[in-house]
Amino acid sequence: MDLGAEQHGCEHYTRRCRIRAPCCGEVFGCRHCHNQAKNSLEVDLLDRHEIPRHEISKVICSLCNKEQDVQQNCSGCGACMGKYFCEKCNFFDDDISKKQYHCDGCGICRTGGMDNFFHCEKCGCCYSNVLKDSHHCVERAMHHNCPVCFEYLFDSTMDISVLHCGHTIHLECLNEMRVHHHFACPVCSRSACDMTDAWQKLDQEVAATPMPEFYQKKMVSNFNKMAACIVLMKRPGVWILCNDCGATSSVRFHVLAQKCPGCSSYNTRETRGGPATAACSRV
């Protein structure tokens with residue numbers, strides 16, 4: 001039963017069978033092998049496609065080459081084609097150290113052990129139990145592409161990180177962002193990690209860099225297009241929007257950064273104006 005355990009499979013999985021793709025009729029090592037081949041730059045754009053994994057109905061034993069219906073043991077030679085077998089996903093894998101399990105909520109097989117994960121109905125995916133009572137729900141959080149590499153996240157084989165804001169990203173892509181000193185979510189711009197130490201250093205730099213009197217008296221104008229009126233707000237500062245807490249505030253301008261008075265974050269952006277302070281008649 002264990003004959004050929006290390007000799008068969010593909011770059012993605014160790015197993016003793018190949019699959020016949022129901023979409024194009026060709027034989028591949030696994031669905032990833034199919035998708036890589038059929039979505040390469042050499043393939044005409046109109047011919048590119050993904051394999052419908054749940055429609056796979058035929059497999060070929062790697063030991064006796066017999067083509068047969070999807071099943072765990074070969075009907076020809078009796079070999080076990082995969083120690084882990086999911087008849088719902090038509091999936092085989094000999095490396096059971098991954099602790100594969102099938103999630104009915106996701107509709108696919110995942111790794112890491114069923115006892116270590118929970119399925120969030122609103123997010124529509126499985127998360128580590130560590131996040132069960134602390135993650136921020138975002139509807140269908142992983143049913144989109146990684147904001148950095150644009151690979152579809154839901155069925156990606158790479159490790160995925162859930163940010164404080166609830167958006168998801170490949171862990172490798174997140175680490176690459178940090179190498180290039182990008183510490184905010186690419187989707188909503190909220191800080192992707194604890195920035196307390198960085199904000200304290202900015203506090204020191206701002207204190208050590210006093211602004212000239214001209215900038216301290218910088219004026220702000222706000223044009224309200226919807227109300228068709230102009231409001232001049234004579235305040236010695238600028239309006240900012242905090243990307244972390246969402247508050248809009250008026251603060252003194254500084255060339256280094258503007259600090260949110262609400263949450264003390266420097267992850268802010270300057271806006272053209274603040275909340276409306278005057279009412280205009282509508283026409």
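Helices (H or I, at least four residues) and strands (E, at least two) are taken here as DSSP runs, numbered from the N terminus. The exercises below concern a predicted model.

**Exercise 1. Describe the chain as a whole: how many helices and strands does the chain have, and what share of its residues is buried?**

Solution.
1. The secondary structure consists of four helices and 17 strands.
2. The chain has 283 residues, and buried residues make up 38% of them.
3. Its accessible surface comes to about 16,900 Å², with 51% belonging to carbon and sulfur atoms.
4. Among contacts with a separation of 6 or more, 36% are between residues 24 or more positions apart.

**Exercise 2. Determine the strand order of the open sheet that four strands form, and state which strands stand at its edges.**

Solution.
1. The order is β2-β1-β3-β4, and the pairing is antiparallel.
2. The edge positions belong to β2 (27–28) and β4 (67–69); each has a single partner strand, so one side of each lacks a neighbour in the sheet.
3. Strand β1 (residues 17–20) pairs with β3 in the antiparallel sense over three bridges. Isoleucine 19 has valine 59 in β3 as its bridge partner.
4. Strand β3 (residues 58–61) is also paired with β4, again antiparallel, over three bridges. Here lysine 58 lies opposite aspartate 69 in β4.
5. β3 and β4 form a hairpin with five residues between them. In the turn, asparagine 65 has a positive phi of about 65 degrees.

**Exercise 3. Decide whether helix α1 is mostly covered or mostly open, and identify what covers its buried residues.**

Solution.
1. Helix α1 spans residues 31–38, and six of its eight residues are buried, which is to say that the helix is mostly covered.
2. The buried residues are Arg31, His32, Cys33, His34, Asn35 and Lys38.
3. The elements covering these buried residues of α1 include β1 and β2. The latter, β2, is an edge strand of the sheet.

**Exercise 4. Establish the surroundings of histidine 102: is the residue buried or exposed, and which residues are in contact with it?**

Solution.
1. Histidine 102 lies in strand β7 (residues 101–103).
2. The cut-off for a buried residue is under 20% relative accessible area. Histidine 102 counts as buried because its relative accessibility is 18%.
3. Its side chain makes a polar contact with the side chain of aspartate 104, at 3.3 Å.
4. Leaving aside neighbours within four places in sequence, histidine 102 is in contact with Tyr84, Cys86, Lys88, Cys89, Gly107, Ile108, Cys109 and Met114.

**Exercise 5. Explain why neither cysteine 23 nor cysteine 126 is bonded to its closest cysteine sulfur.**

Solution.
1. A disulfide requires a pair of cysteine sulfur atoms within 2.5 Å.
2. For cysteine 23, the closest cysteine sulfur is that of cysteine 24, at 4.1 Å, and therefore too far for a bond.
3. For cysteine 126, the closest cysteine sulfur belongs to cysteine 103, at 3.4 Å, which is likewise too far for a bond.
4. The settings of the two residues can be stated as well. Cysteine 23 is partly exposed, with a relative accessible area of 37%, whereas cysteine 126 counts as buried at 10% relative accessibility.
5. For the structure as a whole, the number of disulfides is zero.

Terms used:
Residues numbered from 1 in each chain as written. Predicted model: local features only at pLDDT ≥ 70, side-chain atom pairs only at ≥ 80, totals over all residues. Heavy atoms only, no water. Buried < 20%, exposed > 50% of the residue type's maximum accessible area, 1.4 Å probe, protein only. Contact = heavy atoms within 4.5 Å. Areas by Shrake-Rupley, 256 points an atom, 1.4 Å probe, with all protein chains shown as cover. Polar contact = N/O pair within 3.5 Å; in protein donor to acceptor, adjacent residues only side chain to side chain. Pairing = 2+ DSSP bridges.
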